[in-house]
Amino acid sequence: MENLKELLLEELKDLYSAEKQIVKALPKIAKGADSGELKAAIQEHLEVTRGQVTRLEEVFAHLEEKPKAKQCKGMEGLLQEGAESLEEEEPGPLRDLQLIGAAQRVEHYEVAAYGTAKAIAEKLGFAEAVDLLNQTLEEEEEADEKLTEVAEGIYAEVPGEDENAEEETGVPERQPARSRTGRSSRVA
């Protein structure tokens, strides 16, 4: 690479590959989810992700480039971890929580990648690309928040995780870590 536009194109090719991999993986993950709420959230995000692929194609068009994917090995690895949960764990709330964790790692990767691409596009003055990338960035952040909400509901379904946990085991129930702001940093 010799300039920022080439760097932006590399980022977009990576994202294009990542999104296409996600579109392929989400139906299997939805099928393997036990929770109806988790299935619905994954299926909803599948539709959103298809729109994100189209939006990336629009970004390429604004840059007068043909959409092209460059194999995103990071996403490949993250999706493989999620697939392993489906293969190795029995259906139920614990596997659902494991799937949510894998999905949130995917979302965090995308938030970082879209944030980077958006910053480069801003530096280059590609306003249309910035707007399109920002739309997707906001959707990825919303998906992460939705997964956390779904996880909170599933925690209550985990066997043996009730208020009597300390009495049964003699070990106090683990409290979520607190951040410097005093908020819980519990993630799915």
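Two residues are in contact when heavy atoms of theirs lie within 4.5 Å of each other. With that in mind, here is a friendly tour of this protein, which is a predicted model. Among its contacts with a separation of 6 or more, 76% are between residues 24 or more positions apart. Let's start with the overall build and then visit a few residues by name.

**The overall build**

- The protein has six helices and zero strands.
- Following the sequence from start to end, you meet the pattern α-α-α-α-α-α.
- Of the 188 residues in the protein, 38% are buried.
- The accessible surface adds up to about 11100 Å², and carbon and sulfur atoms contribute 47% of that area.

**A histidine on the inside**

- H45 sits in helix α2, which covers residues 36-62.
- Is H45 buried or exposed? Its relative accessibility is 11%, and because buried means under 20%, H45 counts as buried.
- If you leave out residues up to four places away in sequence, H45 touches L26, Q52, E107, E110, E140 and A143.

**Salt bridges**

- Side chains of opposite charge can pair when their charged atoms come close.
- A search of the whole structure turns up six salt bridges, and three of them are worth a visit here.
- K13 and E10 join their side chains in a salt bridge, at 3.6 Å from N to O. Both residues belong to helix α1 (residues 4-32), and because they are three residues apart there, about one helical turn separates them.
- E10 also takes part in a salt bridge with K70, where the closest N and O atoms are 3.1 Å apart. This pair links distant parts of the chain, since K70 is in the loop between α2 and α3 (73-88) while E10 is in helix α1, 60 residues apart.
- How open are these two partners, E10 and K70? E10 is partly exposed at 24% relative accessibility, and K70 is partly exposed too, with a relative accessible area of 47%.
- R105 and E81 form another salt bridge, with 3.6 Å between the closest N and O atoms. R105 lies in helix α4 (residues 93-124) and E81 in helix α3, so their pairing ties together parts of the protein that are 24 residues apart in sequence.
- Which residues are joined into one network by salt bridges that share partners? They are E10, K13 and K70.
- As for the other pair, R105 is partly exposed at 40% relative accessibility, and E81 is partly exposed at 41%.

**A negative patch on the surface**

- Eight names to look for on the surface are D34, E37, E138, E141, E142, E145, E149 and E157, which gather in a patch of negative charge.
- Which helix supplies the largest share of this negative patch? Helix α5 (residues 127-155) does, with five residues.
- E142, one of the residues in the patch, is found in helix α5.
- E142 is exposed because its relative accessible area is 51%, and exposed means over 50%.

**Two residues to compare**

- To practise reading accessibility, look at H45 and E142 side by side: H45 in helix α2 is buried at 11%, whereas E142 in helix α5 is exposed at 51%.

Notes:
Residues are numbered from 1 along each chain as its sequence is written. This is a predicted model: local features need pLDDT of at least 70, side-chain atom pairs count only at pLDDT 80 or more; totals for chains, interfaces and linings use all residues. Side-chain values use heavy atoms; hydrogens and water are left out. Helices (H or I, at least four residues) and strands (E, at least two) are DSSP runs, numbered from the N terminus. Buried means under 20% relative accessible area, exposed over 50%, partly exposed in between (1.4 Å probe, protein chains only). Patches are made of residues with over 30% relative accessible area and no salt bridge: like charges are joined within 9 Å, nonpolar side chains (Val, Leu, Ile, Met, Phe, Trp, Tyr) within 5 Å. Accessible areas come from the Shrake-Rupley method with a 1.4 Å probe; for residues, only the protein chains shown count as cover. A salt bridge is a side-chain nitrogen of Lys or Arg within 4 Å of a carboxyl oxygen of Asp or Glu. Lys and Arg count as positive and Asp and Glu as negative; His and the chain ends are not counted. The place of a charge is taken as NZ of Lys, CZ of Arg, CG of Asp or CD of Glu.
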